[in-house]
Amino acid sequence: MQLQPDANLISAIGRLIELKTEEFDIELLSRKFVLSSEELRGELRLLRCLPDFVAEPSNKTIHQWLEKLSTSKNFVNVNKVLKLFTTIPVTSCSCERAFSKLSLVKTKLRSLVLQKRLDAMMLIFVEQELSSQVNYEDVIDEFKHLHPFDRRLEL
């Protein structure tokens, strides 16, 4: 499910965290995240009665709620809304960046590269900051232990 957050969705999540949802918020959330509006409404009524849920919008609050709700089986819909909302990318820049790097990785000379190898090359190329921190000696040692037999490269 690919979603882009809009102002209405962000406002609805803010009111959900404040426990001040209105009818159109519940309808929007249930439609966007494919939930039962009645179940979501009931879970929110229960949450309003619980003393240990802080009703203030912030990233810290959302993460605290997710920690509490992940262990509870009573608030499945609210948990799903918050989990999905926190995973929605704010922009599509990272996707566009990956596609532009794909044209650099997959050239005419590498046009027959298998998908598994292309995925690995893209991961290294897109995550250059992480890949520059890799210790090559550790990788070689790990590879030696995974494949203990003698490997010789023919030149």
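## Exercises on a predicted helical model

Asn77 lies in helix α5. The model you are looking at is predicted, so let's work through it with that in mind.

**Exercise 1. Decide whether Asn77 is buried or exposed, and find what it touches beyond its sequence neighbours.**

Step 1. Begin with the cut-off: a residue counts as buried under 20% relative accessible area.

Step 2. Asn77 has a relative accessible area of 8%, so this residue is buried.

Step 3. Now look for partners, skipping neighbours within four places in sequence: Asn77 is in contact with Leu35, Glu39, Leu40 and Glu43.

**Exercise 2. Compare the span of α5 with the expected value, then list its buried residues.**

Step 1. Helix α5 has 12 residues, and 17 Å separates its first C-alpha from its last.

Step 2. At 1.5 Å a residue, 16 Å is expected, and the span of α5 is close to that.

Step 3. The buried residues in α5 are Asn77, Val78, Asn79, Val81, Leu82 and Phe85.

**Exercise 3. Describe the largest nonpolar core and the helices that supply it.**

Step 1. This core has 24 residues, and Leu29, Trp65, Val78 and Leu82 have the most contacts inside it.

Step 2. At least two core residues come from each of α1 (7-17), α2 (23-32), α3 (37-49), α4 (59-71) and α5 (76-87).

Step 3. Helix α1 gives the largest share, 5 residues.

Step 4. Pick Leu82 for a closer look: with neighbours within four places in sequence set aside, Leu82 is in contact with Leu16, Ile17, Ile62, Trp65, Leu66 and Leu69.

**Exercise 4. Place Met122 in its helix and work out its surroundings.**

Step 1. Met122 is found in α7, which covers residues 115-126.

Step 2. Because its relative accessible area is 13%, Met122 counts as buried.

Step 3. Not counting residues up to four places away in sequence, Met122 touches Ala98, Lys101, Leu102 and Val105.

Step 4. For a distance check, take Leu104, which is 18 residues from Met122 along the chain: their C-alpha atoms are separated by 9.6 Å.

**Exercise 5. Find the nonpolar surface patch that includes Val139, and say how accessible this residue is.**

Step 1. Locate Val139 in helix α9, residues 136-146.

Step 2. Val134, Tyr136, Val139 and Ile140 make a nonpolar surface patch of about 390 Å².

Step 3. Partly exposed residues fall between the buried limit of 20% and the exposed limit of 50%.

Step 4. Val139 has 46% relative accessibility and therefore counts as partly exposed.

Conventions: Residues numbered from 1 in each chain as written. Predicted model: local features only at pLDDT ≥ 70, side-chain atom pairs only at ≥ 80, totals over all residues. Heavy atoms only, no water. Patch = residues over 30% accessible without salt bridge, like charges linked within 9 Å, V, L, I, M, F, W, Y side chains within 5 Å. Areas by Shrake-Rupley, 256 points an atom, 1.4 Å probe, with all protein chains shown as cover. Salt bridge = Lys/Arg side-chain N within 4 Å of Asp/Glu carboxyl O. Helix = DSSP H or I, 4+ residues; strand = E, 2+ residues; numbered from the N terminus. Buried < 20%, exposed > 50% of the residue type's maximum accessible area, 1.4 Å probe, protein only. Core = buried A, V, L, I, M, F, W, Y, C linked by side-chain atoms within 4.5 Å. Contact = heavy atoms within 4.5 Å. Expected span 1.5 Å × (residues − 1).
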